[in-house]
Amino acid sequence: MPRTRRTRPSPARARALSTILKRIRLFATDVDGVLTDAGMYYTEAGDELKKFNTRDGMGIKLLQRAGLVTALITQEETKLVARRGEKLAIPEVHQRVHDKLTRLRELAERYQLTLDQVAYMGDDVNDLDALTAAGFSATPADGIPEVQRVVHYVCRHKGGEGAVREVVDLILAAQVGSTERVWRMKREAGP
């Protein structure tokens with residue numbers, strides 16, 4: 001499988017990557033370090049805060065409009081992640097998962113998919129098994145070096161700063177031509 005870095009891929013690599021992306025039917029991602037900037041913020045009262053990027057959220061909505069299943073898989077367990085999943089109507093929110101590959105396989109089986117039809121984004125060592133098994137894998141620009149070495153695509157954007165949207169745009173460009181087209185098709189079809 002071709003590995004694509006931040007540099008522009010050759011035409012042959014771009015075609016191979018497009019072929020991989022056309023098969024994707026389920027998009028799963030880690031949360032901390034991918035949907036967030038990996039920071040953990042605490043108030044004086046002990047409340048935990050996380051910063052999510054709204055464009056990443058729109059990207060997830062666009063995937064859903066295009067008919068892809070979306071999932072969050074994280075080792076942490078917080079009300080914040082549950083609320084973010086609920087706000088984005090993500091059907092598969094899995095917290096306190098220590099074996100992400102097993103969960104990814106379970107999701108693929110539930111939706112009658114192969115792992116070749118699954119995209120996964122992660123940024124740290126606990127994501128390595130899922131990243132190497134997924135049909136397409138990506139990491140934010142600030143994913144750890146061990147992860148960057150095994151993924152198909154290293155984003156230009158950092159975690160929590162648009163990396164998810166960057167990958168969504170790649171998937172949708174391969175499958176339907178553009179994110180705008182997905183938005184327009186759904187709008188024209190009505191509610």
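Helices (H or I, at least four residues) and strands (E, at least two) are DSSP runs, numbered from the N terminus. Residues are numbered from 1 along each chain as its sequence is written. This is a predicted model, in which local features need pLDDT of at least 70, side-chain atom pairs count only at pLDDT 80 or more, and totals for chains, interfaces and linings use all residues, while side-chain values use heavy atoms, with hydrogens and water left out.

**Whole chain**

Start with everything selected. The chain has eight helices and eight strands. Of its 191 residues, 48% are buried, where buried means under 20% relative accessible area, exposed over 50%, and partly exposed in between (1.4 Å probe, protein chains only). The exposed area comes to about 9800 Å², with carbon and sulfur atoms supplying 48% of it; accessible areas come from the Shrake-Rupley method with a 1.4 Å probe, and for residues only the protein chains shown count as cover. Contact means heavy atoms within 4.5 Å. Among contacts between residues at least 6 apart in sequence, 53% join residues at least 24 apart.

**Helix α7**

Select residues 163-175, which form helix α7. The end C-alpha atoms of its 13 residues are 19 Å apart, in agreement with the 18 Å expected at 1.5 Å a residue; the expected span is 1.5 Å times one less than the number of residues. Colour the helix by burial: A163, V164, R165, E166, V167, V168, I171, L172 and A174 are buried. Next, step just past α7 to G177, where phi is positive at about 105 degrees.

**α1 against α7**

Add residues 11-22, helix α1. The axes of α1 and α7 lie 8 Å apart, and the helices pack at an angle of about 90 degrees. That makes α1 roughly perpendicular to α7. Axes are lines fitted to C-alpha atoms, for helices over the stretch in contact, and angles run from 0 to 180 degrees between N-to-C directions. Angles under 35 degrees count as roughly parallel, over 145 as roughly antiparallel, 65 to 115 as roughly perpendicular and the rest as oblique.

Show side chains at this contact: S18, L21 and K22 of α1 meet L170, I171, A174 and Q175 of α7. By class, the contact has four nonpolar, two polar and one charged residues. Here Ala, Val, Leu, Ile, Met, Phe, Trp, Tyr, Cys and Pro count as nonpolar, Asp, Glu, Lys and Arg as charged, and the others, Gly among them, as polar.

**Loop residues**

Go to T74, in the loop between β4 (69-73) and α3 (79-87). T74 is buried, with a relative accessible area of 2%. Beyond its neighbours within four places in sequence, T74 is in contact with D30, V31, V81, H94, Q95, R96, V97 and K100.

From there, select R96, which sits in the loop between β5 (92-94) and α4 (100-110). R96 counts as exposed at 56% relative accessibility. Its phi is positive, about 60 degrees, although R96 is not a glycine. Most residues other than glycine have a negative phi.

Follow α4 to Q112, in the loop between α4 and β6 (118-121). Q112 has a positive phi of about 55 degrees, and is not a glycine either. Q112 is exposed, at 74% relative accessible area.

Finish at G143, in the loop between β7 (136-139) and α6 (145-150). G143 is buried, at 6% relative accessible area. Not counting residues up to four places away in sequence, G143 touches D123 and Q148. Add V34 to the selection: the C-alpha atoms of G143 and V34 are separated by 8.3 Å, with their positions 109 residues apart along the chain.
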